[in-house]
Amino acid sequence: MPNIKSAKKRVLTNKRKEEENILVESRMKNSIKKLEKTVKEGNKEESEKLLNTTLKNIDKAHDVNIIHKNKVARLKSRLTKSVNNLK
């Protein structure tokens, strides 16, 4: 445990940021899983609706530096491609 006052504050803020990052990351992963599930079922209308929210969640994760920009591009490309290939 740190002894200096500023180090103690830093421990608290790091913990708070970690909790926020976990929420953002889990929200992103859950939305990706939901989208992949609806694509697998072949539900085009719902997949298109979920695609927008999923892309927003992916962008949010990138904005808070949870995932790299190349991973963002790869995920967005794969997901939009899978939704567009539905009949």
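Contact here means heavy atoms within 4.5 Å, and this tour of a predicted model uses the word in that sense throughout.

**Start at Leu51.** Select Leu51, which is found in helix α2, and show what surrounds its side chain. Not counting residues up to four places away in sequence, Leu51 touches Leu35, Leu79, Thr80 and Val83. Because buried means under 20% relative accessible area, Leu51, with a value of 10%, belongs to that class. For a sense of distance, add Pro2 to the selection: Pro2 lies 49 residues from Leu51 along the chain, and the two C-alpha atoms are separated by 45 Å.

**Widen to the whole of α2.** Now select residues 44-63, the 20 residues of helix α2, whose end C-alpha atoms are 28 Å apart, in agreement with the 28 Å that they should span at 1.5 Å a residue. Colour Ser47, Leu50, Leu51, Thr54, Leu55, Asn57, Ile58 and Ala61, which are the residues to inspect as buried in this helix. An α-helix has 3.6 residues a turn, so residues three or four places apart point the same way. Bring α1 (5-41) and α3 (69-84) into view as well, since both are included in what covers the buried residues of α2. Just beyond the helix, pick Asn65, where phi is positive at about 60°.

**Turn to α1.** Select α1, a helix of 37 residues that reaches 55 Å from its first C-alpha to its last, close to the 54 Å expected at 1.5 Å a residue. Its buried residues are Val24, Met28, Ser31, Ile32, Leu35, Thr38 and Val39, and what covers them includes α2 and α3. Immediately after α1, stop at Gly42, which takes a positive phi of about 90°.

**Look at α1 against α2.** With both helices displayed, note that they pack at an angle of about 155°, their axes 9 Å apart. This angle makes α1 roughly antiparallel to α2, and the crossing of the pair is left-handed. To see the contact, select Val24, Arg27, Met28, Ser31, Ile32, Lys34, Leu35, Thr38 and Val39 on the α1 side, together with Glu46, Ser47, Leu50, Leu51, Thr54, Asn57, Ile58, Lys60 and Ala61 on the α2 side. Coloured by class, this contact shows nine nonpolar, five polar and four charged residues.

**Pause at Asn57.** Within that selection, centre on Asn57, which lies in helix α2. Is Asn57 buried or exposed? At 18% relative accessibility, Asn57 counts as buried, given that the class takes in values under 20%. Once its neighbours within four places in sequence are left aside, Asn57 is in contact with Arg27, Met28 and Ser31, and these three residues are among those that α1 brings to its contact with α2.

**Finish at α2 against α3.** Hide α1 and keep α2 and α3, which pack at an angle of about 175° with their axes 10 Å apart. That angle makes α2 roughly antiparallel to α3. On α2, select Lys44, Ser47, Glu48, Leu51, Thr54, Leu55, Ile58, Asp59 and His62; opposite them, on α3, select Lys69, Val72, Leu75, Lys76, Leu79, Thr80, Val83 and Asn84. By class, the residues of this contact divide into seven nonpolar, five polar and five charged. The selection returns to the starting point, for Leu51 touches Leu79, Thr80 and Val83 as well as Leu35.

Notes:
Residues are numbered from 1 along each chain as its sequence is written. This is a predicted model: local features need pLDDT of at least 70, side-chain atom pairs count only at pLDDT 80 or more; totals for chains, interfaces and linings use all residues. Side-chain values use heavy atoms; hydrogens and water are left out. Helices (H or I, at least four residues) and strands (E, at least two) are DSSP runs, numbered from the N terminus. The expected span of a helix is 1.5 Å times one less than its number of residues. Buried means under 20% relative accessible area, exposed over 50%, partly exposed in between (1.4 Å probe, protein chains only). Axes are lines fitted to C-alpha atoms, for helices over the stretch in contact, and angles run from 0 to 180 degrees between N-to-C directions. Angles under 35 degrees count as roughly parallel, over 145 as roughly antiparallel, 65 to 115 as roughly perpendicular and the rest as oblique. A crossing is left-handed if the near helix is turned anticlockwise from the far one by less than a right angle, and right-handed if clockwise. Ala, Val, Leu, Ile, Met, Phe, Trp, Tyr, Cys and Pro count as nonpolar, Asp, Glu, Lys and Arg as charged, and the others, Gly among them, as polar.
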